[in-house]
Amino acid sequence: MRTVVSLQRLADELNLQNLTPDIDMNTIELTTPDINRPALQLTGYYEHFVKERVQIIGYVEYSYIMSLPVEERDRIYERFISSDIPCVIFTTLTEPSEDMLNIARKYGVPTLVTERTTSSFMAEIIRWLGIELAPSISVHGVLVDVYGEGVLIMGESGIGKSEAALELVRRGHRLVSDDVVILRKVSDATLVGSAPDLTRHLIELRGIGIIDVKMLYGVEHVKNTQAIDLVIKLEDWSREREYDRIGMEEEYTEFLGNRVVCHSLPIRPGRNLAVIVETAAVNHRQKKMGYNAAHELYRRIQENMSAQKEE
């Protein structure tokens, strides 16, 4: 699926000032998280120029343009603007001249400005576009931030995912998404989950209906995005199946080519799912910090066996 984001949304999220309000930015789509500083293009070199990228003019590029005679400046700038670029963003308190704005209006290229320095703004726009334009899929589940760990709870409909999420919220944790979770592959090591706009901050409870977590429990109990650290799959308990009781070896599931640690959790009446999920999250964090309780148990057993042999 082709991922795009509108230029208007970018401007809103990064608080950019639009100097060409007569151009509709909702119709302009950004398709790549890469950006470009057109230093070479302003000198006339257009070989390997990627016109789909957001173009950022910093203080150095701006100083060079403004140092040129007016006629040459307009000629160079018109060639640059007419190359079918999505937009131009001026940083570090620089602003284009009225002649440059007229050229932008002529070719329908939005021109925006930000007070931030070029370096900090480039880092922010690359981070934001990297998340928004990352490859994505939708999965059925519930995503909760538990002690800073992103826990994706999965399982068949009606097994208790939403109820577990609600109890976690009541215990002070934060809901990211219920029912449908959008996963984005930000890097080969990171998946970020979020909720569809339609269902953000909402939980469906069978027999009660839809509840708004943000309104009922407060803004501190919701979150818009969260990296996926752990997957917990809820399933009906079966006498015939053997379940891992020690956890010596990690099991994984895969989304978009990224592997995530996964635990299968059998459901029986009386099990407190929220407490178990909390414990799984803390245990996972502890493993990342270098301590594994199963390995510690194995070490103690080995030491005990060695001591018995010596006796």
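Visitor: Is Glu124 buried, partly exposed or exposed?

Guide: Glu124 is partly exposed, at a relative accessible area of 25%. Buried would need a value under 20%. Please keep in mind that this is a predicted model.

Visitor: Which side chain does Glu124 meet in a salt bridge?

Guide: The side chain of Arg127, with N to O at 3.0 Å. Arg127 is itself partly exposed, with a relative accessible area of 42%. Now for the general idea. An α-helix has 3.6 residues a turn, so residues three or four places apart point the same way. Here, Arg127 and Glu124 are three residues apart, about one turn, and both belong to helix α6 (residues 118-132).

Visitor: Which salt bridge links distant parts of the chain?

Guide: Take Arg171 and Glu278, whose closest N and O atoms are 2.9 Å apart. This pair links distant parts of the chain, 107 residues apart: Arg171 sits in the loop between α7 (161-170) and β11 (174-177), and Glu278 in helix α9 (residues 273-288). Arg171 is partly exposed, at 39% relative accessible area, while Glu278 counts as buried, with 7% relative accessibility.

Visitor: How many salt bridges does a search of the whole structure find?

Guide: The search finds 19 salt bridges. Some charged residues are linked in a network: Glu149, Asp229, Arg285 and Lys288 are joined in this way. Another pair is Asp74 and Arg73, with a salt bridge of 3.9 Å, N to O. Since the criterion is a nitrogen within 4 Å of a carboxyl oxygen, that pair qualifies. Both Asp74 and Arg73 are buried.

Visitor: Let's turn to helix packing. Which residues of helix α5 are buried?

Guide: In α5 (residues 98-106), the buried residues are Met100, Leu101, Ile103 and Ala104. The way to read such a list is to look down the helix axis. For α5, the buried residues fall within an arc of 155 degrees, so they line one face of the helix. Their cover includes α3 (59-67), α4 (70-81), β6 (88-90) and β7 (111-113). After α5 comes Gly108, with a positive phi near 65 degrees.

Visitor: Which residues other than glycine have a positive phi?

Guide: Two examples are Asn15, with phi near 55 degrees, and His48, with phi near 65 degrees. Asn15 lies in the loop between α1 (7-13) and β2 (17-18), and His48 in the loop between α2 (39-42) and β5 (54-57). Asn15 counts as exposed at 65% relative accessibility, and His48 is exposed as well, with a relative accessible area of 69%.

Visitor: Now the sheet. What is the strand order in the open sheet of six strands?

Guide: The order is β11-β9-β10-β17-β19-β18, and the pairing is mixed. To read such an order, begin with its ends. β11 and β18 (252-255) stand at the edges with a single partner strand each, so one side of each has no neighbour in the sheet. On average, neighbouring strands of this sheet are turned by 35 degrees against each other, direction ignored.

Visitor: In what sense do β9 and β10 pair?

Guide: β9 (residues 142-146) and β10 (residues 149-154) pair in the antiparallel sense, over five bridges. In one of the pairings, Val146 has Glu149 of β10 as its bridge partner. Glu149 also belongs to the salt-bridge network with Asp229, Arg285 and Lys288.

Visitor: Which helices lie across these strands?

Guide: Helix α7 lies across β9, β10, β11 and β17 (230-236), and runs at about 25 degrees to β9. Helix α9 lies across β9, β10, β17 and β19 (258-267), and runs at about 135 degrees to β10.

Visitor: Which residues touch the most other members of the largest nonpolar core?

Guide: That core has 28 residues, and Val151, Ile203, Ile232 and Leu234 touch the most other members. At least two of its residues come from each of β9, β10, α7, β14 (202-205), β17, β19 and α9. Leaving out residues up to four places away in sequence, Ile232 touches Val151, Leu152, Ile153, Met154, His263, Leu265, Val277 and Ala280. There is also a second, separate core of 22 residues, including Leu14, Ile28, Ile56 and Leu133.

Definitions and conventions. Residues are numbered from 1 along each chain as its sequence is written. This is a predicted model: local features need pLDDT of at least 70, side-chain atom pairs count only at pLDDT 80 or more; totals for chains, interfaces and linings use all residues. Side-chain values use heavy atoms; hydrogens and water are left out. Buried means under 20% relative accessible area, exposed over 50%, partly exposed in between (1.4 Å probe, protein chains only). Helices (H or I, at least four residues) and strands (E, at least two) are DSSP runs, numbered from the N terminus. The arc is that of the directions from the helix axis to the C-beta atoms. Contact means heavy atoms within 4.5 Å. Two strands pair if DSSP finds at least two bridges between them. Axes are lines fitted to C-alpha atoms, for helices over the stretch in contact, and angles run from 0 to 180 degrees between N-to-C directions. A nonpolar core is a set of buried Ala, Val, Leu, Ile, Met, Phe, Trp, Tyr and Cys residues joined through side-chain atoms within 4.5 Å.
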